[in-house]
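Trainee: I'm new to this one, could you walk me through how it packs together?
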Amino acid sequence: MDASRSDVLILGGGVVGLSCALYLLQGGASVRVLEQGTPGCGSSHGNCGTITPSHAAPLAMPGMLGVALRSVLRADAPLYLNPRFDGPRLRWLLGFARHCNWRDFEHAAQARSAILQRSRHLIGEWVANEKLDCEFVESGVMYVYRQPGPMNADEHHHVQVLERLGIPVQRLRGDEVEAMEPALKPGVKGGLFHPGDARLRPDRYVAELARLVRERGGVIETGASIERFETASNRITGVGTSRGDFAGERVLLALGAWSPLLGKKLGLRLPMQPGKGYSLTYTRPVHAPRHALVLRDVSVCVTTWESGFRLGSTMEFSGYAEGLNRTRIDALRRGAALGLREPEGPQLQEEWWGWRPMSVDELPIIGPSTRWSNLHLATAHGMLGVSMSAATGELVAAQLTGATPAFDPTPYAPARFGL
């Protein structure tokens, strides 16, 4: 038997790739994961770790394109579009604009809700049954408002969408929010509480998934940068990496924001762009929030764990430009300072940036390729990779083993883009 050959060869060792590996191992498949760095070193590492069915609504809606274009003038805007010309990004933006209508919004919201709610249930089960050490807390996520404009807009739209989807949300007065969250500065106008949401420490969660994959017989090749594909007819017969050559009966592309770059080598044009996010991680402050928070007026996410405290969010479309943008980091600090009594912990542990894999229709791309007979895709989860990870793994395993999926896979199919 060829030791470098597996039933399923998984390209990408982030939270999605590892979740797929675990479900496939559970189904009896042999699995090898190829990861260019270490497990979870990309967006799986530095995000805010919230598990959010409440984020079912997509960004794309009427008027959003105008918001994006106006952001060109503000380098510290929560949603920032770099004005530098970039052909692929322009094509993506035009495609995104086509989805800024209420019909596509409703379709995306329903499909996102299905996978988010399923994944929320599975992650809770997984953490409990496997006793995963990842600081998982089921305490909900609070949206906090200091200005009436954003609060009124969300009460009119966000709440109605969640109620239609059956996702619980509670309207709160300012004094009720301040009573629940003493870490907030006074002056809160109101809040929306999402009791079904949860939080965890994402780097620890991914480390636990990697541990389980190895314990159950899966192999994770670290430092394995993918260099080439070997193909014959309409099959992928081998994958050449910096660590050697590997093969699988099935190949699963779960490369997150790198998916379009590697997809090109297979003649696939994935309609995705990297949306750069930032976070600041501190040791835990004395006045740490009890809940995960979204400071809506300034678009800053705040997550507290026993082991630390993180500020995150922002969305920057600058292509594959690497590195920290100090303007964006400073905006996070300023936003937190407007809302929190203690906006930073005693010690700054990490300034982080990472690329989120944003699809043009804000739905993940999950399912069999129409171009390659043994290729499957699990990518384009946007800002919701951790939130959607478990249900993605369950769906991929069902599709590859012929089992009945727990929810309709049609909205996520690569075929919608001819992939």
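Mentor: We will go through one helix pair, then the nonpolar cores, then a database entry. This is a predicted model, in which local features need pLDDT of at least 70 and side-chain atom pairs count only at pLDDT 80 or more, while totals for chains, interfaces and linings use all residues. Residues are numbered from 1 along each chain as its sequence is written, and side-chain values use heavy atoms, with hydrogens and water left out.

Trainee: How do α5 and α9 cross?
Mentor: The axes (lines fitted to C-alpha atoms over the stretch in contact, with angles from 0 to 180 degrees between N-to-C directions) of α5, residues 102–130, and α9, residues 202–215, come within 13 Å and cross at roughly 65 degrees. Helices here are DSSP runs of H or I with at least four residues, and strands are E runs of at least two, numbered from the N terminus.

Trainee: Which residues meet there?
Mentor: Ile123, Trp126 and Glu130 in α5 meet Tyr205, Leu209, Arg211 and Leu212 in α9, where contact means heavy atoms within 4.5 Å.

Trainee: And what does Leu209 touch further away in sequence?
Mentor: Leaving out residues up to four places away in sequence, Leu209 touches Val15, Leu18, Ser19, Leu22, Trp126 and Leu132.

Trainee: Switching topic, how many residues has the largest nonpolar core?
Mentor: That core has 79 residues, and Ile123, Tyr205 and Leu209 are among those with the most contacts inside it. A nonpolar core is a set of buried (under 20% relative accessible area, 1.4 Å probe, protein chains only) Ala, Val, Leu, Ile, Met, Phe, Trp, Tyr and Cys residues joined through side-chain atoms within 4.5 Å.

Trainee: What does UniProt list for residues 7–25?
Mentor: The unreviewed UniProt entry lists them as "transmembrane region", although such annotations may be inferred rather than shown by experiment. In the model, residues 7–25 are 58% helix and 26% strand, with the end C-alpha atoms 10 Å apart.

Key
Buried means under 20% relative accessible area, exposed over 50%, partly exposed in between (1.4 Å probe, protein chains only).
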